[in-house]
Amino acid sequence: MPGRLTRTALVAAIVGAAALGTTACAPSADEASPQESAPVVSTSPTPIPTITQTATAVRIPADCRAMLSADVLSQLGTVPLNDPSLGPSGVQSDGSLICIWRDPAADTTSLMTTISRMDRGPALDMLNDLVTTQGFSCYTPDEGTRCEKTWINDTYPVNDGRTLFWRDDVLVDTQYSNLAPTGYTASIISSVFG
């Protein structure tokens with residue numbers, strides 16, 4: 001029993017000394033600086049700060065021909081561009097651009113490119129999914145990420161394919177069948193990001 005009292009008394013003495021030491025070191029209300037005063041608690045929610053883009057946004061082209069080199073245009077020859085019977089094409093209401101190179105009478109020969117804005121996270125998720133689930137190959141040329149795949153058309157003995165290029169929140173997505181001009185994607189990259 002005496003040991004218990006001694007321990008209890010010792011704990012009480014330590015707690016008391018600590019309280020006195022804290023009180024002795026605390027400044028009086030007159031001496032407290034504004035930084036040391038108690039924080040003001042607000043009942044209104046704090047808005048999430050907006051992230052300001054520091055770099056100028058890349059401009060999406062508004063002309064399907066103007067973004068291609070003379071060499072690529074010569075390879076496309078007389079293939080019709082953006083025939084209304086093939087669906088939406090040209091500049092879209094969201095600022096994206098759809099270019100459809102195809103004769104409406106052709107069974108399979110076509111080339112369609114969509115240039116649109118896409119944030120980094122969703123773009124890389126999509127590209128990784130193409131690698132994982134569809135066997136696309138990706139590499140990183142021209143300060144961006146390029147993924148591509150070719151295969152034989154299900155109906156005709158021609159090559160089909162898809163090439164995607166993402167950089168600076170802009171995605172260039174091209175799907176083609178039996179129409180793949182040499183340097184096509186490189187020409188668009190040079191025009192958009194050059």
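Read from one end of the sequence to the other, the chain runs α-α-β-β-β-α-β-β-β-β-α. That comes to 4 helices and 7 strands. Please keep in mind as you look around that this is a predicted model. Of the 194 residues in the chain, 29% are buried. Among the contacts with a separation of 6 or more, 48% join residues 24 or more positions apart.

## The last helix and the core

A good place to begin the tour is α4, which spans residues 184-193. Is this helix enclosed or open? Because 7 of its 10 residues are buried, α4 is largely enclosed by the rest of the structure. The buried residues are Tyr184, Thr185, Ser187, Ile188, Ile189, Val192 and Phe193. They pack against helix α2 and against the strands β2, β3, β5, β6 and β7.

Ala186 also sits in α4, but with a relative accessibility of 42% it counts as partly exposed. Its C-alpha atom is 9.4 Å from that of Ser69, although the two residues are 117 positions apart along the chain.

In soluble globular proteins, nonpolar side chains tend to be buried together. Here, the largest nonpolar core has 22 residues, and Leu68, Trp101 and Ile188 touch the most other members. Two or more residues of this core come from each of α2, β2, β3, β7 and α4. The largest share belongs to α4, with 5 residues. Another core lies apart from this one; it has 8 residues, among them Phe136, Leu164, Trp166 and Leu171.

Which residues does Ile188 contact, leaving aside its neighbours within four places in sequence? They are Met67, Leu68, Thr113, Ile115 and Val172.

## Two disulfides

The structure holds 2 disulfides. A disulfide is a covalent bond between the sulfur atoms of two cysteines. With the bonded cysteines numbered in sequence order, the pairing is 1-2, 3-4. The table sets out the two links.

| Pair | Sulfur atoms apart | Torsion about S-S | Hand |
|---|---|---|---|
| Cys64 and Cys99 | 2.1 Å | -90° | left-handed |
| Cys138 and Cys147 | 1.8 Å | about 110° | right-handed |

Cys64 and Cys99 form a disulfide with sulfur atoms 2.1 Å apart. This pair links distant parts of the chain: Cys64 lies in the loop between α1 and α2, whereas Cys99 lies in strand β2, and 35 residues separate them. Both Cys64 and Cys99 are buried.

The other link has partners in unlike surroundings. Cys138 has a relative accessible area of 35%, so it is partly exposed. Cys147, in contrast, has 0% relative accessibility and therefore counts as buried, the limit being under 20%.

## The largest pocket

Rolling a probe the size of a water molecule over the atoms shows where empty space is left. How much space lies in the largest pocket? The value is about 180 Å³. The pocket is lined by 15 residues, and the closest to its centre are Arg146, Thr163, Tyr176, Ala180 and Thr185. The elements that each give two or more residues to the lining are β5 (145-152), β7 (170-177) and α4 (184-193). Strand β5 provides the largest share, with 4 residues. By character, the lining divides into 7 nonpolar, 5 polar and 3 charged residues.

Helix α4 therefore appears in two parts of this tour, since it contributes to the lining of the largest pocket and gives the largest share of the largest nonpolar core, besides having 7 of its 10 residues buried.

## Two loop residues with positive phi

Most residues other than glycine have a negative phi, and most peptide bonds are trans. Two loop residues are worth a look with that in mind. Asp168 has a positive phi, near 50°, and is not a glycine. It is found in the loop between β6 and β7, and its relative accessibility of 44% makes it partly exposed.

Where is Asn178 placed? This residue is in the loop between β7 and α4. Asn178 is likewise not a glycine, yet its phi is positive at about 60°. With a relative accessibility of 40%, Asn178 counts as partly exposed.

Definitions and conventions: Residues are numbered from 1 along each chain as its sequence is written. This is a predicted model: local features need pLDDT of at least 70, side-chain atom pairs count only at pLDDT 80 or more; totals for chains, interfaces and linings use all residues. Side-chain values use heavy atoms; hydrogens and water are left out. On a 1 Å grid over the protein atoms alone, a cavity is a set of points where a 1.4 Å probe fits but cannot get out, and a pocket is an open set with protein on both sides within 12 Å along at least five of seven lines; lining residues have an atom within 4 Å of a point. Grid points are joined across faces, edges and corners, and a volume is the space filled by probe spheres set on the points. Ala, Val, Leu, Ile, Met, Phe, Trp, Tyr, Cys and Pro count as nonpolar, Asp, Glu, Lys and Arg as charged, and the others, Gly among them, as polar. A disulfide is a pair of cysteine sulfur atoms within 2.5 Å. Buried means under 20% relative accessible area, exposed over 50%, partly exposed in between (1.4 Å probe, protein chains only). Contact means heavy atoms within 4.5 Å. A nonpolar core is a set of buried Ala, Val, Leu, Ile, Met, Phe, Trp, Tyr and Cys residues joined through side-chain atoms within 4.5 Å.
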